Amino acid sequence: MSSINNAKLLCKGALKYLRIAKEAFNEGLHDASATNCQISAELLIKSAYLLLGHLFPHKEITLSTSTTDQ
């Protein structure tokens, strides 16, 4: 699959999340609506990176396993 096809797929997914967010907002589910809007925005940002030919920067999340009492 090419970058353009992947970007189109992400845009379609973003639109679905945005539609769900609108429905949730109209039903008074504001937290669910906000979460779906955030997911939609992230998918659109990732699709823009793909269209520009760049990889989306990933941030490593590391959890500290040490439990030192001070």
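The following paragraphs lead through a predicted model of one protein chain, from its overall make-up to a few residues of its second helix. Residues are numbered from 1 along each chain as its sequence is written, and side-chain values use heavy atoms, with hydrogens and water left out. Because the model is predicted, local features need pLDDT of at least 70 and side-chain atom pairs count only at pLDDT 80 or more, whereas totals for chains, interfaces and linings use all residues.

The protein chain contains 2 helices and 0 strands, where helices (H or I, at least four residues) and strands (E, at least two) are DSSP runs numbered from the N terminus. Of its 70 residues, 14% are buried, a term that means under 20% relative accessible area, with exposed being over 50% and partly exposed in between (1.4 Å probe, protein chains only). The chain exposes about 6,100 Å², and carbon and sulfur atoms supply 59% of that area, as computed by the Shrake-Rupley method with a 1.4 Å probe. Among contacts (heavy atoms within 4.5 Å) with a separation of 6 or more, 50% come from residues 24 or more positions apart.

Two packed helices are described by the angle between their axes and the distance between the axes. Here helix α1 (residues 3-26) and helix α2 (residues 30-52) have axes that come within 8 Å and cross at roughly 165°, the axes being lines fitted to C-alpha atoms over the stretch in contact, with angles running from 0 to 180 degrees between N-to-C directions. That angle makes α1 roughly antiparallel to α2, because angles over 145 degrees count as roughly antiparallel, under 35 as roughly parallel, 65 to 115 as roughly perpendicular and the rest as oblique. By class, the contact of α1 with α2 has 18 nonpolar, 8 polar and 1 charged residues; Ala, Val, Leu, Ile, Met, Phe, Trp, Tyr, Cys and Pro count as nonpolar, Asp, Glu, Lys and Arg as charged, and the others, Gly among them, as polar.

Three residues of helix α2 can now be examined in turn. S40 is found in this helix and counts as buried, because its relative accessibility is 3%; leaving aside residues up to four places away in sequence, S40 touches A14, Y17 and L18. I39 also has its place in α2, but I39 is partly exposed, with a relative accessible area of 28%, and its C-alpha lies 8.4 Å from that of L18, although I39 and L18 are 21 residues apart in sequence. Y49 likewise lies in α2 and counts as partly exposed at 30% relative accessibility, while Y49 and A7, 42 residues apart in sequence, are 8.4 Å apart in space, C-alpha to C-alpha.
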